[in-house]
Amino acid sequence: MNKAEFVDLVKDAGKLPSKKDAEIAVNAFIAAVEKALSKKKSVELVGFGKFEAVMQKGKSGKVPGSNKTYKTADKYVPKFKPGKSLKDLVAKK
């Protein structure tokens, strides 16, 4: 599902009067989550899940076919942990 299809789904699920209103709601949600994660804060929606920024440790490795090695730096990456209600809903057949 792409963003346009998701906006249509939000319009129908939220009974919003127009596609434009649904797009504003989706964009506002995305912007709010991005802003919170950029400040290293988590966003927890009970039953749905938790968005958070977690530290990913740097890794070292070897380039295949040569003796060159590399090391990546530590960095923050976004992570989503689904809530129990969402897991149960997806697991239904």
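These legends describe close-up views of a predicted model. Local features need pLDDT of at least 70, side-chain atom pairs count only at pLDDT 80 or more, and totals for chains, interfaces and linings use all residues. Residues are numbered from 1 along each chain as its sequence is written, and side-chain values use heavy atoms, with hydrogens and water left out.

**View 1. A salt bridge joins Asp-8 and Lys-19.**
The search of the whole structure gives 3 salt bridges. The term covers a side-chain nitrogen of Lys or Arg within 4 Å of a carboxyl oxygen of Asp or Glu. In this pair, the N to O distance is 3.7 Å. The pair links distant parts of the chain. Asp-8 sits in helix α1 (residues 3-13), Lys-19 in helix α2 (residues 19-38), and 11 residues separate them. Helices are DSSP runs (H or I, at least four residues), strands likewise (E, at least two), and both are numbered from the N terminus. Asp-8 is partly exposed, at 33% relative accessible area. Lys-19 is also partly exposed, at 41%. The accessibility classes are buried (under 20% relative accessible area), exposed (over 50%) and partly exposed (in between), with a 1.4 Å probe and protein chains only.

**View 2. Lys-84 and Asp-88 pair within helix α3.**
The two side chains meet in a salt bridge, 2.9 Å from N to O. Why is the spacing about one helical turn? Lys-84 and Asp-88 are 4 residues apart in helix α3 (residues 84-91), so about one helical turn separates them. Lys-84 is exposed, with a relative accessible area of 60%. Asp-88 is partly exposed, at 39%.

**View 3. Glu-52 in strand β2 forms a salt bridge with Lys-50.**
Strand β2 spans residues 49-56 and holds Glu-52. The closest N and O atoms of Glu-52 and Lys-50 are 4.0 Å apart. Is Glu-52 buried or exposed? Glu-52 counts as buried because its relative accessibility is 19%. Lys-50 is partly exposed, at 25%. Beyond its neighbours within four places in sequence, Glu-52 is in contact with Leu-37, Ser-42, Val-77, Pro-78 and Lys-79. Contact here means heavy atoms within 4.5 Å.

**View 4. Domain 1 meets domain 2.**
Domain 1 covers 1-38 and domain 2 covers 41-92. These bounds come from an automatic or database domain assignment. The C-alpha centres of the two domains lie 24 Å apart. On the domain 1 side, 4 residues take part in the contact; on the domain 2 side, 7 residues do. The size of an interface is often given as the accessible area lost when the parts come together. Here, domain 1 and domain 2 bury about 470 Å² between them, with 81% of it on carbon and sulfur atoms. Buried area is the accessible area (1.4 Å probe) that two parts lose on being put together, summed over both. By class, the side of domain 1 that touches domain 2 has 4 nonpolar, no polar and no charged residues. Nonpolar covers Ala, Val, Leu, Ile, Met, Phe, Trp, Tyr, Cys and Pro; charged covers Asp, Glu, Lys and Arg; polar covers the others, Gly among them. How many salt bridges are there between domain 1 and domain 2? The count is 0. There is 1 residue pair in polar contact between the domains, both residues at pLDDT 80 or more. A polar contact is a pair of N or O atoms within 3.5 Å; within protein, one must be able to donate a hydrogen and the other to accept it, and residues adjacent in sequence count only if both atoms are side-chain atoms.

**View 5. Asn-2 and Lys-15 lie at the two ends of α1.**
At the start of α1, a side-chain oxygen of Asn-2 comes to within 3.2 Å of the backbone nitrogen of Ala-4. Lys-15 follows α1. This residue lies in the loop between α1 and α2. Its phi is near 50°, a positive value in a residue other than glycine. Lys-15 counts as exposed, at 74% relative accessibility.

**View 6. Lys-40 has a positive phi in the loop after α2.**
The loop runs between α2 and β1 (43-45). Phi of Lys-40 is about 65°, although Lys-40 is not a glycine. Lys-40 counts as partly exposed, at 44% relative accessibility.

**View 7. Glu-23 and Lys-35 mark two positions on helix α2.**
Glu-23 is partly exposed, at 36% relative accessibility. The C-alpha atoms of Glu-23 and Phe-6 are separated by 9.0 Å, with their positions 17 residues apart along the chain. Lys-35 is exposed, at 52%. The C-alpha atoms of Lys-35 and Glu-5, 30 residues apart along the chain, are separated by 24 Å.
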